[in-house]
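Please open the structure in the viewer and keep the selection panel at hand. The tour proceeds by selections, and each stop states what is found there.

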Amino acid sequence: MLPQVLKRNDLAAWVEALMADRTVAGPVLKETNVSDPSDEKFEWTVLEDAGDLRLDYNLTVLGPKSFLWPPRQQLVAYRLDDGPDPQPLIEHEPTVLLGVHPCDATAIATLDTAFGKDIPDPHYLARRADTAIVGLDCAAPCHESSFCLDMGSLYPDSGFDVMLTPMGEVIFVEAATDLGRALVKSAAVRPATKDDMEARQKFAEEKRSNFHYKLPYELKYLPEVLEQSYDSLVWEAIARRCFSCGSCNTTCPTCYCWDVTDDIADDLSGGVRTRRYDSCQLDTFAEVAGGENFREERSSRLRHRMFRKGKYILEQTGRVGCVGCGRCERACVAKISIKDTYVQIAGTR
Amino acid sequence: MADKPTLAFFSLACCEGCQLQVLAANEKLLPILERADIVRFREASDGDADHYNVTFLEGSIVTEHDIERAKAIRAKTDVLVALGACATIGGVNVIKNFQESDDVAEYVYGDKKDWFPHIPTRPLKAEVQVDVEIHGCPINTCEFLEVAKCLLMGKPYRQPNYPVCVPCKLAGNVCLWHKGVPCLGVVTRAGCEPFLCPSAGHKCIGCRGLVDNPNTEAAADVMAEFGLTVEEVFREFSLFQGIYDDVAKMK
């Protein structure tokens, strides 16, 4: 399908049309700083009113990941009073994630690979198959902590069905998949003109000049840089400030580790096996039966995360483990930065 | 069929608010009462027994007499559950440990202070073996029910050993630190359910005590960078967590 454009004024009507027969989630205003009204915080939520959608949003605490892979998710229900009669709980409904930034689209592509390999995860894959992703291109970095250009996530090749490029009064609309083409049918789009194409080109040029490389090496060297830093003193130095609170993991758009608990009904008649986001930074993450803990030291856990994000996930899935969104740095009370760490280790080999 | 297990509730130095949290479970207590008999519960009934399968003991130890009572209760009990912050970490009662013992007694009892001999506040586990801990000031009803279910099913209760930041992020909250509010969630044991304080914009004041391996030094450093004085940092921590050596040494 050739590129099309949608007038900004027609956006709400399109969102409403999508909301008519599916759940539509997108970024909305969460709260405003009392002492600085310009300081707005956004969150991803199910839209109740098309007008709530804020395409001018910046990074949220949790990303669109939580609609594909919820922070808490019921896996299987069973009975305790009679035979176990396990019932898988695989819930999904037609959903559109509207306004996914390139970093998060890239992260979704990583999750797709991670949850699909080895033993495919039916809970994730069922939701994923029922979810359309409408991307939203970025004209400028959202925060100094982001280094998406370095991590190759600023120009995603997958993880979205439609990509929107906001260009003043119009939005450039490119459908990337059949699902995307079907979604665009309900929008009042018109074919892009030569002027639109020039505006699109101008956006691309401005985008490229607004983002700057922040690492002193290319992404392809990151696994090697990490490997050579394994015994560096840098890990202990950084870990001295680390609370092991796990906020870097719980906010990460590519983290996919979970912990499983049994929620038993109050009358003990049955239960539900439930998973929630886990974190490799938590004290007990690598603890096994018998009490042995394979990563007892804070520094070894911190190093493990940096290796997961820069090396292991890449090697296991062929997809980046860190998309450079900067959520972990912003979530960190101690201001530990994955970007600064990747810079630092290059100098300590 | 064997007799139902017996449950007992006792209080030491505390406000007895944790017992009220148990009663607040209302009809959710019924399935437990079908499977167990409460033989001692001053807030709800009279009566007593010679032996308890499970005792929920709230309150901290602040007198020699409390030690005797705790030991006597322990001797009649199979499984002892420390109920609430006073029982698990001494609770707010530990604040008096950082003041002159005589001044504290005089403040409360005036010229009758000699009638009420007291000792530094300590949690139950300082004097008797505690089998299960339910943290919080007050405890939350959900966790009480969870522990009760585990006991009835004969499986261990796995208390959370990660900081409040985990459920806080899962709730999608904007970090209070980023709003200029130093919050003890970074080192405080999670398990609050429903997750109330930070979701309502209130900082975590640490009522569930520290996680097992907290980085209190980093917390103190980060708070200092944030602009708090050493005294202020200690005050934040000592409201609930003064019993820990890591906190006591900040003074």
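Select Ala204(A), whose place is in helix α6 (residues 194-210) of chain A; helices (H or I, at least four residues) and strands (E, at least two) are DSSP runs, numbered from the N terminus. The model is a predicted one, in which local features need pLDDT of at least 70 and side-chain atom pairs count only at pLDDT 80 or more, while totals for chains, interfaces and linings use all residues. Residues are numbered from 1 along each chain as its sequence is written, and chains are lettered from A and ligands numbered from 1 in the order in which they are written.

Is Ala204(A) buried or partly exposed? Ala204(A) has 14 C-beta neighbours inside 10 Å and therefore counts as partly exposed. The scale, with C-beta atoms placed from the backbone, calls a residue buried if 20 or more other C-beta atoms lie within 10 Å of its own, exposed if 12 or fewer, and partly exposed in between. Add Val134(A) to the selection: its C-alpha atom is separated by 18 Å from that of Ala204(A), and the two residues are 70 apart along the chain.

**Helix α12 of chain A**

Next, select residues 338-346 of chain A, helix α12, where Ile338(A), Lys339(A), Thr341(A), Tyr342(A) and Ile345(A) are the buried residues. Viewed down the axis of α12(A), these buried residues fall within an arc of 165°, so they line one face of the helix. The arc is that of the directions from the helix axis to the C-beta atoms. Display also α7 (222-228), α8 (234-239), α10 (298-317) and α11 (327-331) of chain A, which are among the elements covering the buried residues of α12(A).

**Strands around β12 of chain A**

Select strand β12 (residues 270-277) of chain A together with strand β4 (residues 72-79) of chain A; seven bridges join them, and they run antiparallel. Two strands count as paired if DSSP finds at least two bridges between them. Within this pair, Arg72(A) has Arg276(A) in β12(A) as its bridge partner.

Then add strand β11 (residues 258-264) of chain A, which pairs with β12(A) in the antiparallel sense over seven bridges. Here Thr274(A) in β12(A) is the residue opposite Thr261(A). β11(A) and β12(A) form a hairpin with five residues between them, and Leu268(A) in the turn has a positive phi of about 60°.

**Backbone geometry in three loops**

Most residues other than glycine have a negative phi, and most peptide bonds are trans. Go to Ser244(A), in the loop between α8 and α9 (247-250) of chain A: its phi is positive, about 55°, although it is not a glycine. Ser244(A) is buried, with 27 other C-beta atoms within 10 Å.

Move to chain B and select Glu16(B), in the loop between β1 (6-11) and α1 (17-23) of chain B. Phi of Glu16(B) is also positive, near 65°, and this residue is partly exposed, with 16 other C-beta atoms within 10 Å. Then select Pro138(B), in the loop between β5 and α6 of chain B; the peptide bond from Cys137(B) to Pro138(B) is cis, with omega near -10°.

**The sheet of chain B**

Which order do the strands of the open sheet in chain B follow? Its five strands are arranged as β2-β1-β3-β4-β5, with parallel pairing. β2 (37-41) and β5 (132-134) of chain B stand at the edges with a single partner strand each, so one side of each is left without a neighbour in the sheet. Select β4 (residues 77-83) of chain B with β5(B): three bridges join these parallel strands, and Leu83(B) stands opposite Ile134(B).

**Domains and the contact between chains**

Colour chain B by domain: domain 1 covers 6-153 and domain 2 covers 165-248, with bounds from an automatic or database domain assignment. Their centres, taken over C-alpha atoms, are separated by 25 Å. In the contact between them, 17 residues belong to domain 1 of chain B and 13 residues to domain 2 of chain B; two residues are in contact if their C-beta atoms, placed from the backbone, lie within 7 Å.

Finally, display both chains: their contact takes 27 residues from chain B and 32 residues from chain A. On the chain B side, α6 (141-153), α7 (165-170) and α8 (216-225) each supply at least two residues.
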